[in-house]
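Q: Could you take me through one part of this protein in close detail, and then show me how that part sits within the whole chain?

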Amino acid sequence: MKFQGSQNYVATQDLMLAVNASITLKRPLLVKGEPGTGKTMLAEEVAQALDMPLLQWHIKSTTKAQQGLYEYDAVSRLRDSQLKDLDGGEKVKDIHNYIVKGVLWQAFTADQPVALLIDEIDKADIEFPNDLLRELDRMEFYVYETRELVKARHRPLVFITSNNEKELPDAFLRRCFFHYIKFPDAETMQRIVDVHFPGLKKELLAAAMRTFYDVRNLPGLKKKPSTSELLDWLKLLVAEDMPIEALQSQDDKVAVPPLVGALLKNEQDVTLFEKLVFMQRHNR
């Protein structure tokens, strides 16, 4: 079982090696990189390429590790016990009726191997990764309410993404295979664009790519535009049938691109870029 890339996802050689290394080692693949570099899409495309169902657990700041295992709905059981005359109290007697299975439980008990995405793990509390150490390492957990041990029938292929908002514990990192998705160079980016816009005119693409990297390389940007924002911008340029002249300046100076709101997402960066253009025009 090896990942060789897919038609919808441009995977570099080192990324494919990382995916296959995690499969060989039977360890979670921890993927870091700038937002918009395709970390979440990687799990989706690998699962599709390897013909595996994908279970996704999108982490929020309030997410607890226990929710990935199971939750005991004591409130519903109490409510049903007060209404036990409706069914003779049979439902209340069986505690299994009030155990809500989490994503990890579903992955462990699936009939076939599945891919499991734990998305943006760094959004949760700092103890969140530590609370999952044993379960991800041993592929089992104990349900205290029902006194049963849930063991994985098949080891899931685990993808964990992080945007580096928080440092992850060393003990957790030791159990993962790590890969950092570098921001695509121009050649790789062109391959990515070709997947999404196969019929795009070469002149328009060249002008758009040059403008995009000019914007991205501007020092002092609070948020650099990402791959997904480039794709959004290109989609708008095509929809508006934007002429190439609108993206090119006559003297190779940086110009404010049309529909710049697709690339720059806060007023500080827009102001900074406009100042650069103003300074260059007055330095001719």
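A: Happy to; here is a look at one helix, followed by the chain around it.

This is a predicted model, in which local features need pLDDT of at least 70, side-chain atom pairs count only at pLDDT 80 or more, and totals for chains, interfaces and linings use all residues. Residues are numbered from 1 along each chain as its sequence is written, and side-chain values use heavy atoms, with hydrogens and water left out.

Let's start with helix α10, which covers residues 186–196 and has T188, M189, I192 and V193 buried. Buried here means under 20% relative accessible area, with a 1.4 Å probe and protein chains only. Seen down the axis of α10, these buried residues fall within an arc of 140° (from the directions of the helix axis to the C-beta atoms), so they line one face of the helix. An α-helix has 3.6 residues a turn, so residues three or four places apart point the same way. The buried residues of α10 pack against α11 (202–216) and α12 (227–239), where contact means heavy atoms within 4.5 Å.

Now for the surroundings. The protein chain has 13 helices and nine strands; these are DSSP runs numbered from the N terminus, with helices being H or I of at least four residues and strands E of at least two. Of its 284 residues, 44% count as buried. Among contacts between residues at least 6 apart in sequence, 74% join residues at least 24 apart. Finally, the C-alpha atoms fill a box of roughly 85 × 45 × 35 Å, taken along the principal axes.

Definitions and conventions
Buried < 20%, exposed > 50% of the residue type's maximum accessible area, 1.4 Å probe, protein only.
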